[in-house]
Amino acid sequence: MLPCSINPSTAPNIYSIRHILTLLTLSVLVLGMPSKMVSFASQESLQRINSLLRGSANRDCDNFATFSHQDEADDRSNKDHHNIDIDPLPRRPTLTPDSQLLKIGLHGAVSSDLEICSNLAINEVLLKFPESNAADAAVTQALCKGMVNFFNSGIGGGGYVVFSGKNNDDHLSIDFREKAPIGSHKSMFANCSLCSKIGGLAVGVPGELMGLYRLYEERGSGHVRWYDLVEPVAKLGSGGWQIGEALGATLELYEDVFLTLKEDWSFVINSTQNGVLKEGDWIKRPMLSNMLMELAKNGSVAPFYDPDHWIAKSMINTIEKHNGIMNLDDVASYDVHVTKPLSMKIRKGENYIPDNDMTVLTSGGSSSGAALLAALRIMDNFQNEEGGDYVKENTYQLLESMKWMASARSRLGDYQGETLPEHIKEVLDPEWALKAVKTIRANSQDGKFKTLENWTLYDPAYDINNPHGTAHFSIVDSHGNAVSLTTTINLLFGSLVHDPNTGVIFNNEMDDFAQFNKSNSFELAPSIYNFPEPGKRPLSSTAPTVVLSELGIPDLVVGASGGSRITTSVLQTIVRTYWYKMPLLETIAYPRMHHQLLPDRVEVESFPMVGKSTLYNLKKMGYTMREVFPKSVVNAIRNVRGEWHAVSDYWRKRGISSVY
């Protein structure tokens, strides 16, 4: 992005000079420096790495000043340049989506960020093994996404999956979110806030492999070997692939960092050693491929979590080198949280035919599935309006539901077992939704709509955490099964720690915990439900979701990536689908809104596309607005008269779905 004050014709020279100065400065800092400084063993080294990264993608130019103002107090993250914004990648919604981006299949579909991975899952699993199912394909899909788009997911991270089968007893939810190491405590980042983002201390115990293997064991078809699901991904990594636009943009963004850490990140460095690989270049990940082949031949993920195996030992050595506290006992003791999905009926009664009596399945555990259900229960009190997207009353109802959903999220946190804790039962109670509905209706009189004048009136219990980047995919098969899976290493390239022996890129999920004794700028205390504790999982915005028809057949499989915008994006997708009757292509392509209560403002992806009339109405309702580049990515599949309509969020991350 060019700053508003720079003439484009002179920009290349300015940026070349800046790049040269940065590298000169860096060479002075690093030359002769002890190796531990480059391995994040001091706050000074963390600050140097952070200073190499560019700022956020929020625009201060090209805004409608009439409807927007900047509030520096709200931008609590503007000092941390390690985030999820892929600045070089053009990301815009559209009101005229290309119909070729809607894929229609008779038997099944995969909607994800990567067409190469969706094709791999279909060709090497679903078509190659006719008895295979969505759970089998999810293993290959997830491993492939982590192999190719390694800036936002991979086996060094964790996530959530919701599986729906033919019968209610088949439904399953697995929380394979990373866990805090045994040595964690609530004051561990008190003297170093960047330590939760960069370096070994930021790393939680990875759970993706354990989660995928548990899904394979519990709900796989039983007709495909583990080897056959992993080997195609290992083969892809050893042979290589052409760098796409999204990966190329992130490598460009982090070029100075990788040049600094080239010993550990050599696989992204070009042959002349003076820059990173670019879009269109060929890239390979032989070390990760070798490690995956070892797991494939073993027939399980046991070596990854075996404290006596070289894989686990290498990972721990790398994390310790970069100032981490994770040890072999942490790896050996990791487990996943398996439960039934959270479930709720919506659109009850014949008034809503043909989309009546739907069942929403979503994730529990440390995710935000409970908050999503709370918001849907609120919206369930308001009527359908076909074509009602951005209609004044509908927009007001949706935004207010988002604000109450954020309040619900402030009460969530990790728990164990099947029994929900009281603070989560509270937001799932119909009385919680009824309170919000009464407030919304009380402020919707005589065609006039008013948001509450102060955020405190939404009754948030604690500070609302602000999770970061992820990757999501949705799968349906020909046997009536569906998978909605979201996985992440958190910020771009996670903790920036890469083990060159195993090829694992480690997460920085510890940043998603609340910071003890650190109230936010609105004087909300950090959540007691989300402090770092040994073996605890941090709260996530994730809400992978499957919506079942009245007959129990998958009707909508949806999820999103994009940090705190995940839950609002999933909510808006479901509302557009069933309340406004929008086709899936337009549902995903059109501009989205986001409100997370704090900061108390509406984020709009495109002022011009939303229109001056809508912006004017929102201002009259009392909302403050800000135009931002898209930060969420939705990938979904819809059942339309027995056919599968699959749409990936091409406009925000270049994804293209695949069908068969």
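**Exercise 1.** Which residues does Asp-389 touch, not counting residues up to four places away in sequence?

*Solution.* Keep in mind that we're working on a predicted model here. Start by placing the residue: Asp-389 is in the loop that runs between α14 (369-379) and α15 (392-409). Next, list what it touches, and you get Gln-572, Arg-576, Tyr-580, Met-582 and Tyr-590. Now pick out the polar partner: the side chains of Asp-389 and Arg-576 make a polar contact at 3.1 Å. Finally, check accessibility. The relative accessible area of Asp-389 is 16%, so with a cut-off of under 20% the residue is buried.

**Exercise 2.** Work out why the residues of the "binding site" annotation gather at one spot.

*Solution.* First, get the list from the record: an unreviewed UniProt entry puts Arg-177, Thr-488, Ile-489, Asn-490, Asp-512, Ser-540, Ser-541 and Gly-563 under "binding site". Then set sequence against space: they span 387 residues, yet no two of their C-alpha atoms are more than 14.3 Å apart, so they do gather at one spot.

**Exercise 3.** Take two of these annotated residues, Arg-177 and Asp-512, and find what links their side chains.

*Solution.* Locate them first. Arg-177 belongs to the loop between β4 (172-176) and α6 (208-219), while Asp-512 belongs to the loop between β13 (482-488) and β14 (545-548). Then look at burial: Arg-177 is buried at 1% relative accessibility, and Asp-512 is buried at 1% as well. The link itself is a polar contact between the two side chains, at 2.8 Å. To round things off, go through the neighbours of Arg-177, leaving aside those within four places in sequence: among them are Tyr-160, Tyr-334, Glu-509 and Arg-537, plus the annotated Thr-488, Asp-512 and Ser-540.

**Exercise 4.** Is the ring pair of Phe-304 and Tyr-305 stacked or edge-to-face?

*Solution.* Begin with the total, which is 19 aromatic pairs in the structure. For Phe-304 and Tyr-305, the centres are 4.9 Å apart and the planes make an angle of 65°. Edge-to-face calls for over 60 degrees, so this pair is edge-to-face. As for burial, Phe-304 is buried at 1% relative accessibility, and Tyr-305 is buried at 7%.

**Exercise 5.** Track down a cluster of linked rings, then find arginines that sit over rings.

*Solution.* For the cluster, follow the ring pairs: they link Phe-150, Phe-151, Tyr-254, Phe-258, Trp-265, Phe-267 and Phe-493. For the arginines, try Arg-347, whose charged end sits over the ring of Trp-579, 3.9 Å from its centre. Then try Arg-654, which lies over the face of Tyr-650 at 5.6 Å from the ring centre.

Notes:
Residues are numbered from 1 along each chain as its sequence is written. This is a predicted model: local features need pLDDT of at least 70, side-chain atom pairs count only at pLDDT 80 or more; totals for chains, interfaces and linings use all residues. Side-chain values use heavy atoms; hydrogens and water are left out. UniProt positions are given in the numbering used here, feature names are shortened, and annotations may be inferred rather than shown by experiment. Helices (H or I, at least four residues) and strands (E, at least two) are DSSP runs, numbered from the N terminus. Buried means under 20% relative accessible area, exposed over 50%, partly exposed in between (1.4 Å probe, protein chains only). Contact means heavy atoms within 4.5 Å. A polar contact is a pair of N or O atoms within 3.5 Å; within protein, one must be able to donate a hydrogen and the other to accept it, and residues adjacent in sequence count only if both atoms are side-chain atoms. Rings of Phe, Tyr and Trp (its six-membered ring) pair if their centres lie within 6.5 Å; planes under 30 degrees apart count as stacked, over 60 as edge-to-face and the rest as tilted. A charge sits over a ring if NZ of Lys or CZ of Arg is within 6 Å of the ring centre and within 35 degrees of the ring normal.
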